[in-house]
Amino acid sequence: MSEQPSLPPCASCRDGQALDFDFSMAFQPIIDLRDRSLYAYEALVRGTDGSGAASVLARVNDQNRYAFDQACRVKAVELAARLGMPCRLSINFLPNAVYRAATCIRATLAAARRFGFPTERIIFEITESEQLVDKAHLKEIIEEYQRQKFMTAIDDFGAGYSGLNLLAEFQPDIIKLDMALVRGIDTDPVRQAIVQGILGVCRVLGIEVIAEGIETPGELRQLQALGIHLFQGYLFARPAFEALPQVNWPAP
């Protein structure tokens with residue numbers, strides 16, 4: 001990875017509120033059932049005592065959003081390196097906390113160098129509970145991250161703003177199907193048809209699809225029959241606090 005050009009910080013980066021609370025991460029595997037390998041681990045925010053993400057996210061506001069987003073990236077890279085993560089690392093980020101994509105990525109690059117984690121194994125996963133109005137800004141972020149050779153993913157695809165119309169504007173490397181589409185899909189022909197349609201579009205565009213939130217063997221079998229091979233969910237492993245959990249591989 002080449003050195004970044006010297007860019008002056010924007011006012012939001014320079015003058016934003018410092019983060020006045022600490023947090024940690026849990027990790028949940030994403031598996032590839034084609035060869036029963038680890039595809040990635042997703043870093044999930046937790047309290048320092050292992051408590052859920054809600055208690056941490058409740059302290060994020062407009063003033064400290066940038067600092068929190070940057071701290072999440074650094075914490076995820078640090079822990080992944082310390083744990084000897086053997087595969088990709090998926091880091092959630094808040095697009096509304098990125099002011100200038102080329103500038104705001106520098107802390108992640110510096111952390112990767114400092115802790116010895118390969119940047120080509122980092123996936124940036126877009127997550128945002130509020131509707132993202134500025135699609136042009138998100139497109140700029142995606143294109144800059146792809147230019148830097150990071151992989152990009154859209155989380156909760158099929159829910160909220162994350163629909164097929166988004167793919168007309170830009171194409172990430174990965175989409176993660178929203179759990180609402182996955183839940184009970186083995187007994188729901190409507191969900192099967194919707195997912196089949198999404199998969200058809202993604203094949204044409206060269207986008208990988210991850211099915212997340214898998215909880216039952218029936219869901220897994222149906223999604224495999226539709227052609228999905230990347231999975232995440234409690235059926236395989238629950239998130240482990242500051243650790244890499246073992247995978248409960250399904251019977252062949």
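This report describes the nonpolar cores of a predicted model and two of its residues with positive phi values.

## About the model

Because the structure is a predicted model, local features need pLDDT of at least 70 and side-chain atom pairs count only at pLDDT 80 or more, whereas totals for chains, interfaces and linings use all residues. Residues are numbered from 1 along each chain as its sequence is written, and side-chain values use heavy atoms, with hydrogens and water left out.

## The nonpolar cores

A nonpolar core is a set of buried Ala, Val, Leu, Ile, Met, Phe, Trp, Tyr and Cys residues joined through side-chain atoms within 4.5 Å, where buried means under 20% relative accessible area, exposed over 50% and partly exposed in between (1.4 Å probe, protein chains only). The largest such core has 65 residues, and L89 and F231 are the members that touch the most others. Helix α3 (residues 65-82) gives the most to this core, with 7 residues; helices (H or I, at least four residues) and strands (E, at least two) are DSSP runs, numbered from the N terminus.

Leaving aside neighbours within four places in sequence, L89 is in contact (heavy atoms within 4.5 Å) with F27, Y41, A43, A76, V77, A80, F117, R121, I122 and I123. A second, separate core of 9 residues includes I123, M151, I174 and I210.

## Two positive phi values

R36, placed in the loop between β1 (24-32) and β2 (37-46), is a residue other than glycine with a positive phi, near 55°. R36 is partly exposed, at a relative accessible area of 37%.

E242, found in the segment after β9 (240-241), is also not glycine and has a positive phi, near 50°. The relative accessible area of E242 is 33%, and this residue is partly exposed.
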